[in-house]
Amino acid sequence: MADALSQVYAQALFNAAQATGKVAPVLEALGVLRQVWGADPRLAACLDHPSLERSARLELADKVVAPLGEELVRALVGVLVRKGRARNLLGVIGAFGELADAAQGIKRGEVASATALSATQVAAVGAALSKRLGGTFKLTTSEEPALLGGLRIRIGDKVYDGSLQRRLGELET
């Protein structure tokens, strides 16, 4: 979940994208930007560095963002750089994705398992969640060997814990 400041910027970007009918292109451009930005954390540090003149920071940011061809994304990055908040960009991107998903009725969830799940298994979990809770789910996965077996699923602030670790814990009490 993104910090509050990133959520504010994401909401402003989402509102502008929705008003211009560009949610999908902005989302696509942000996905590419996430890869570029995330590949080297020094980029955000450089764009926030006070010893560089603002014009040099803006020029560098524009060289990174302009090829994406999405003016709303270009404007967002410009604002973040001018305000010294380039380090918040990844949080803004994540929050924008959540807003775009919510607008389409897609719920996000996290599935933890003791071992890696195959794409087929993740799809089956998503189908089971859709059947039980309704809606469409976008799931991320993680490995937590301490679970021993089963799954721990987090959807928003609800946790569905079917792990062997939890069941063994219940036997101890």
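**Arg57.** I looked up Arg57 first and found it in helix H4, residues 54–65, where helices are DSSP runs of H or I with at least four residues and strands are E runs of at least two, both numbered from the N terminus. The model is predicted, so I note that local features need pLDDT of at least 70 and side-chain atom pairs pLDDT 80 or more, while totals for chains, interfaces and linings use all residues. Residues are numbered from 1 along each chain as its sequence is written, and side-chain values use heavy atoms, without hydrogens and water.

Which side chain of opposite charge is nearest to Arg57? I find Asp48, 5.5 Å away, and Arg57 is buried with no salt bridge. Buried stands for under 20% relative accessible area, exposed for over 50%, and partly exposed for what lies in between, with a 1.4 Å probe and protein chains only. A salt bridge requires a side-chain nitrogen of Lys or Arg within 4 Å of a carboxyl oxygen of Asp or Glu; Lys and Arg count as positive, Asp and Glu as negative, and His and the chain ends are not counted. Setting aside neighbours within four places in sequence, I list Cys46, Leu47, Asp48, His49, Leu52 and Val81 as contacts of Arg57, contact being heavy atoms within 4.5 Å.

**Confidence.** I read a chain average of 90 for pLDDT, with 99% of the residues scoring at least 70; pLDDT is the predictor's confidence in each residue, from 0 to 100. Confidence is lowest in helix H3 (residues 42–48), at a mean of 83, and highest in helix H1 (residues 4–19), at 96.

**Cores.** I then turned to the largest nonpolar core, which has 28 residues, and saw that Trp37, Val73, Val77, Leu89 and Phe96 touch the most other members. Such a core is a set of buried Ala, Val, Leu, Ile, Met, Phe, Trp, Tyr and Cys residues joined through side-chain atoms within 4.5 Å. H1, H2 (23–39), H3, H4, H5 (71–82) and H6 each supply at least two residues of this core. I also noted a second, separate core of 8 residues, including Val111, Val125, Leu139 and Ile153.

**Trp37.** Not counting residues up to four places away in sequence, Trp37 touches Leu43, Ala44, Leu47, Val64, Val77, Ala86, Leu89 and Leu90.

**Leu148.** Where does Leu148 lie? I place Leu148 in the loop between strand S2 (136–143) and strand S3 (151–155). Its phi is near 70°, a positive value in a residue other than glycine, and Leu148 is exposed, with a relative accessible area of 52%.
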